[in-house]
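The following exercises ask the reader to examine a protein model and to work through its features step by step. Please study the sequence and the structure before reading the solutions.

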Amino acid sequence: KMLRPVRVSIVSDNVCPWCFVGKRRLETAMRKYNDRIQFEVEWHPYLLNPSTPKEGVDKRSYYLQKFGPRVEVCTYTIHTSHTYQAHHTHNNAPHNNAPHTTPPIHRSRSHETITKQMAANMKVIGEAEGIKFAADGTIGNTIDSHRLISFAQRQGKQNEVVEEIFKAYFEGGENLGSHDVLAGAAVRAGLAEAEVRAYLATDQDRDDVIRTAQSWHSKNVTGVPYFTFDHKLSISGAQEPAVFESIFQKFLAASL
């Protein structure tokens with residue numbers, strides 16, 4: 001029986017919680033169609049915070065600073081649209097298929113309280129997808145982690161490396177700017193440590209990662225995750241599995 005090939009391209013940053021949630025939800029949908037569709041998944045870099053130092057900053061402090069002055073719009077963006085945006089803009093139009101999971105936020109509440117609420121919300125959402133989001137940790141520059149994902153693609157281990165990078169940061173609170181952390185993730189995904197460390201010690205793929213990440217802005221991709229299916233249909237946000245399933249059904253019905 002011939003399987004229908006479908007290429008799934010995902011634009012993502014490795015410190016975006018919705019990208020991890022979106023990966024898990026996509027995979028839940030894909031498992032239901034593995035007997036009819038041959039999926040080819042490829043990951044593309046997006047840099048939410050390209051100026052973050054390699055040594056990293058405390059995650060709690062970072063979120064407090066980032067979401068303090070613009071907390072209403074940021075909380076709306078993250079919890080209602082299910083995307084994480086690099087450049088926050090006021091957008092009061094609700095996402096058609098996004099549940100309104102976030103109660104109204106009032107500026108009179110402290111930034112710290114709201115940051116804690118956001119972390120609690122993500123914890124509940126993560127648990128439903130088998131993700132144990134850690135509240136603490138270090139947020140570092142993600143350029144090297146995207147380079148590793150490029151390296152892993154050439155080794156046929158890209159999806160596995162993405163999973164381990166997500167787990168290292170979101171569950172382990174580890175700094176993705178650290179080559180030790182990245183080498184550990186690569187080894188867990190089945191890559192050879194010596195080769196990975198030798199690669200990370202170079203600047204290979206660095207310019208490509210930065211150029212590709214910047215190119216999405218000219219294509220009107222302003223938030224991640226962003227999914228494209230066979231270059232025919234694109235959706236943004238960590239949609240529920242049923243949304244992905246409806247897309248797969250269209251491919252099988254030859255309407256795409």
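**Exercise 1: A residue in a helix**

Glu 163 is found in helix H6. Determine whether Glu 163 is buried or exposed, and describe its surroundings.

Solution.

Step 1. The model is predicted, so local features need pLDDT of at least 70 and side-chain atom pairs count only at pLDDT 80 or more, whereas totals for chains, interfaces and linings use all residues. Residues are numbered from 1 along each chain as its sequence is written, and side-chain values use heavy atoms, with hydrogens and water left out.

Step 2. Helices (H or I, at least four residues) and strands (E, at least two) are DSSP runs, numbered from the N terminus. Helix H6 spans residues 158-171.

Step 3. The relative accessible area of Glu 163 is 12%. Buried means under 20% relative accessible area, exposed over 50%, and partly exposed in between (1.4 Å probe, protein chains only). Glu 163 is therefore buried.

Step 4. Contact means heavy atoms within 4.5 Å. With its neighbours within four places in sequence left aside, Glu 163 is in contact with Phe 20, Lys 23, Arg 24 and Glu 27.

Step 5. A polar contact is a pair of N or O atoms within 3.5 Å; within protein, one must be able to donate a hydrogen and the other to accept it, and residues adjacent in sequence count only if both atoms are side-chain atoms. The side chains of Glu 163 and Arg 24 make such a contact, at 2.4 Å.

**Exercise 2: The sheet and the helices across it**

State which strands stand at the edges of the four-stranded sheet, and identify helices that lie across its strands.

Solution.

Step 1. Two strands pair if DSSP finds at least two bridges between them. The sheet is open, its order is S2-S1-S7-S8, and its pairing is mixed.

Step 2. Strand S2 (37-45) and strand S8 (233-236) each have a single partner strand, so they stand at the edges, and one side of each is left without a neighbour in the sheet.

Step 3. From one strand to the next, the twist averages 20°. Axes are lines fitted to C-alpha atoms, for helices over the stretch in contact, and angles run from 0 to 180 degrees between N-to-C directions.

Step 4. Helix H1 (residues 17-33) lies across strand S1 (4-12), S2 and S7, and runs at about 170° to S2. Helix H6 lies across S1 and S2, and its angle to S2 is about 55°.

**Exercise 3: A hairpin**

Describe how S7 and S8 are joined, and examine the turn between them.

Solution.

Step 1. Strand S7 (residues 226-229) and S8 run antiparallel and are joined by four bridges. Thr 228 stands opposite Ser 234, and Phe 227 stands opposite Ile 235.

Step 2. The two strands form a hairpin with three residues between them, and Asp 230 in the turn has a positive phi of about 50°.

Step 3. His 231 is found in the loop between S7 and S8. Its phi is near 60°, a positive value in a residue other than glycine. His 231 is exposed, with a relative accessible area of 65%.

Step 4. Pro 225 is found in the loop between strand S6 (223-224) and S7. The peptide bond from Val 224 to Pro 225 is cis, with omega near 5°.

**Exercise 4: Two crossing helices**

At what angle do the axes of helix H5 and helix H9 cross, and which residues meet there?

Solution.

Step 1. Two packed helices are described by the angle between their axes and the distance between the axes.

Step 2. The axes of helix H5 (residues 143-154) and helix H9 (residues 206-218) come within 9 Å and cross at roughly 105°. H5 is thus roughly perpendicular to H9. Angles under 35 degrees count as roughly parallel, over 145 as roughly antiparallel, 65 to 115 as roughly perpendicular and the rest as oblique.

Step 3. On H5, Ile 143, Asp 144, His 146, Arg 147 and Ser 150 meet Arg 206, Val 209 and Ile 210 on H9.

Step 4. By class, the contact of H5 with H9 has three nonpolar, two polar and three charged residues. Ala, Val, Leu, Ile, Met, Phe, Trp, Tyr, Cys and Pro count as nonpolar, Asp, Glu, Lys and Arg as charged, and the others, Gly among them, as polar.
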